[in-house]
Structures are given as structure tokens and as C-alpha cells.
Amino acid sequence: MNNEEIRKRILARRKEQQLSQADIADRLSISQTAYYKIEKGNTQLISDHLSKIASILDLPEEELVLGYDFSKIDSIISEKNKRIAELESIIADKNRIIELQAELLKKI
């Protein structure tokens, strides 16, 4: 877990949701100064509050830790699977053409 990257994601999401440090601190039941220190990296308490911070920011913990937007992964996988199916169909068609050509050559 890279605390620096997590802090960046927390800060970005907090600003995106127009929440102040005081808002987050209040919801965590800690002082604004304590939250400021977490966000600025002056303390390593992120892991102690990570679950609740993620909940406040309406994000899965994994997204804060890993930086992936898991809501988009399913659609990406679906699109990739669709493309794989298309390519498999093209290969099957080409294989069928090769088989037909081989049959024609045997008849000649």
C-alpha cells in the first residue's frame, strides 16, 4: 500500500465531492488537525481510517489503495470478451475457408 498515492486519491475525491477537511474529520470523529496530518502524510494513520474514509468518499477501499475504478472494469472486460468472440468467429470462418479450399484441391 503506497500511502502517498492513497493520500492523492483521497484528496482528489474529497475535492471532487466538494468536502472540506473539517467535513471528513467530523465524520471520522477526529479533529481537523488530525485529518490534515493524515492527508498531508504527517501521520501514518491512513490504514486506521481507510475503511471509513472510503465509505465517506463513496469509494471501494480497493479503489483508494490500488487506484482502479472498479465500476468500469466490468464494462472493459465485457468489451474485451466481445472482441475476443469476434476474433474467434473470424478465425473459425478462415479455418472453414481453408478446409473448403483443401477439399476443392483434392477434387482437382
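Which residues of helix H2 (residues 21-28) are buried? Select helix H2 in this predicted model: the buried residues are Gln-21, Ile-24, Ala-25 and Leu-28. They lie on the same side of H2 because they cover an arc of only 100° around the axis. Step on to Ser-29, which follows H2 and has a positive phi, near 60°.

Next, the salt bridges. The count comes to seven, and the tour stops at three pairs, beginning with Lys-8 and Glu-5.

Select Lys-8 and Glu-5 in helix H1 (residues 3-16). Their side chains meet in a salt bridge, at 3.7 Å from N to O. The two are three residues apart in H1, so about one helical turn separates them. Lys-8 is partly exposed, with a relative accessible area of 46%; Glu-5 is also partly exposed, at 32%.

Move to helix H6 (residues 70-107) and select Arg-83 and Glu-86. The closest N and O atoms of this salt bridge are 3.2 Å apart. Here too the partners are three residues apart, which means a separation of about one helical turn. Arg-83 counts as partly exposed at 44% relative accessibility, and Glu-86 is partly exposed with a relative accessible area of 40%.

Stay in H6 and select Arg-96 and Glu-99. A salt bridge joins their side chains, at 3.2 Å from N to O. Arg-96 and Glu-99 are three residues apart in the helix, so they are separated by about one helical turn. Arg-96 has a relative accessible area of 42% and is partly exposed; Glu-99, at 41% relative accessibility, counts as partly exposed.

How values were computed: Residues are numbered from 1 along each chain as its sequence is written. This is a predicted model: local features need pLDDT of at least 70, side-chain atom pairs count only at pLDDT 80 or more; totals for chains, interfaces and linings use all residues. Side-chain values use heavy atoms; hydrogens and water are left out. Buried means under 20% relative accessible area, exposed over 50%, partly exposed in between (1.4 Å probe, protein chains only). Helices (H or I, at least four residues) and strands (E, at least two) are DSSP runs, numbered from the N terminus. The arc is that of the directions from the helix axis to the C-beta atoms. A salt bridge is a side-chain nitrogen of Lys or Arg within 4 Å of a carboxyl oxygen of Asp or Glu.
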